[in-house]
Amino acid sequence: MKKEIIFSLMLSAMAASPSYAQDATVTIHANEGTQKIYKEIYGQFAEHLGTCIYGGLWVGPDSKIPNTNGYRNDVFRALKELHVPVLRWPGGCFADEYHWTDGIGPRDKRPKMQNNNWGGTIEDNSFGTNEFLNLCEMLGCEPYISGNVGSGTVEELAKWVEYMTSEGDTPMAKLRRQNGRDHAWHVKFLGVGNESWGCGGNMRPEYYSDLFRRYSVYCRNYDGNVLYKIASGASDYDYNWTKTLMQNVGSRMDGISLHYYTVAGWTGSKGSATKFNNDDYYWTMGKCLEIEDVIKKHCAIMDQYDPKKNIGLLVDEWGTWWDEEPGTVKGHLYQQNSMRDAMVAALTLNVFHRHTDRIRMANIAQVVNVLQSMILTDTIGQGHMVLTPTYHVFNMYKGFQEATYLPADVKTDSMEVRGNGDQKRRVPMVSISTAKMPDGNIIASLVNVSLDRTQEVELDFDGYKARSASGQILTCKDIKDYNDFDHPSTVAPAAFNGAKVKGGRLMVKLPAKSVVVIKICK
């Protein structure tokens, strides 16, 4: 079992500037790592929502914005740099109203549709199956298709799988060839419905279990393409949904999804992405870290029915959810992205690393212009693009992909923060994750949650002698800082000079409100 011991000091976070000891110590067990960190944990999510697809990923080949066959060049280059391992599409709630045959064939002949879930926007279906799967090939990432169970038929989903993956002399393969694609695509991940407890059909878990069993039978493996079939799992704290699916579906599914958002509430104001106080910030840190308790409880249920951990847990929607930016289209979920969001990303990824014995994938919501996005764009003139603080965290962390997780003993102070209602949560001041990369060197991420205190962190190694260290830091003057089109580099990574090797140990001076990633060489 992975080791992580956190020693807490009782503190109050109600004050804006808490006073507490600053030291943290870590012992990394360099020879005890057995579980790799699946690269798919760094997955992305692209839904037909707002300008994520149209104006974000896709502008069409006739656009004045520089593009290659309709894909925005600036966005494509930025995503290529991230080494995106998997991209989920077309939703989200949109998936269970999406009929794939509307998005194939000549673009000028495709029917328009109203996006009933997200603002009532009229879409022309110019970005469909061929466009998405070709984009995944260009990026070198695995496509994750969310199938329509809510309003679609078994036959419809079965034919979609055939269209995408059959190499034979079959009707759907012939149709694909008529649409300009000779060979089948490789499609591994298939979601059988999305949020079937809510926008995907408002179903009971018993009913959905039977639907999954039925639909999944007809999602065939063609010509060496083996589908990894994912059941529509629970939202947050619905442990009964997981239990029911494990009982009634079990090994018929390869994975089960989980959705968790760091959100203040589902009704009324969720709060501004950029206007918040220190207490709001610390509340957010506590809320995002609560995902670990949620993961543990779902995993404990899965362990009862699947002790060998053959069924994966996929957190295929996660991230922050704030109020839409003033002046933007209602229902498009366009929000800014501050250093606070970067802290959420780093803390959450550190949690995922600790549970890679069960977590096989995660997909932050969403990749462009929606919720906690990597990239913000517009379509004015030649088009603007800006990288968010969250993008920089993903870029700094990409060395963790396929590395071997290393257990660690961590001693750090913590503080008590406001939770929902009268509840309180405890937040460690320093979050650390370490892994051994394929070249034998160690990568370490360190996050200092404190808004005003530098943390002196000592890293000792069991079975490894550090000789040199280099890294990057992401921080800012104000936790509310963000990047926009006029100020694209307000929050940007810089070389980190606060790590020193002494006698095989690593001494780190970790500035307040910072994310640091260090490569430690032997």
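# Exercises on a predicted model

The crossing of helix 9 and helix 10 is right-handed. The exercises below concern a predicted model.

**Exercise 1.** Describe how helix 9 packs against helix 10, and classify the residues in the contact.

*Solution.* Step 1: two packed helices are described by the angle between their axes and the distance between the axes. Step 2: for helix 9 (residues 339–354) and helix 10 (residues 389–397), the axes cross at roughly 35° and come within 7 Å. Step 3: helix 9 contributes Met-339, Asp-341, Ala-342, Ala-345, Ala-346, Leu-349, Asn-350 and His-353, while helix 10 contributes Pro-389, Thr-390, Val-393, Phe-394 and Tyr-397. Step 4: sorted by class, the contact has 9 nonpolar, 3 polar and 1 charged residues.

**Exercise 2.** State which strands form the closed barrel, and how they are arranged.

*Solution.* Step 1: the barrel has 8 strands in the order 2-5-8-9-10-11-12-13, and the pairing is parallel. Step 2: on average, neighbouring strands of this sheet are turned by 30° against each other, direction ignored. Step 3: as an example, strand 5 (residues 86–89) pairs with strand 8 (residues 142–147) in the parallel sense over 4 bridges. Within this pair, Val-86 of strand 5 stands opposite Glu-142 of strand 8.

**Exercise 3.** Identify the strands across which helix 5 lies and those that helix 8 touches.

*Solution.* Step 1: helix 5 (residues 205–217) lies across strand 9 (189–192) and strand 10 (228–235), and runs at about 165° to strand 10. Step 2: helix 8 (residues 291–305) packs on the sheet and touches strand 10, strand 11 (255–263), strand 12 (312–321) and strand 13 (359–365). Step 3: the direction of helix 8 makes about 160° with that of strand 11.

Methods
Residues numbered from 1 in each chain as written. Predicted model: local features only at pLDDT ≥ 70, side-chain atom pairs only at ≥ 80, totals over all residues. Heavy atoms only, no water. Pairing = 2+ DSSP bridges. Helix = DSSP H or I, 4+ residues; strand = E, 2+ residues; numbered from the N terminus. Axes fitted to C-alpha atoms, helices over the stretch in contact; angles between N-to-C directions. Contact = heavy atoms within 4.5 Å. Left-handed = near helix turned anticlockwise from the far one by under 90°. Nonpolar A, V, L, I, M, F, W, Y, C, P; charged D, E, K, R; others polar.
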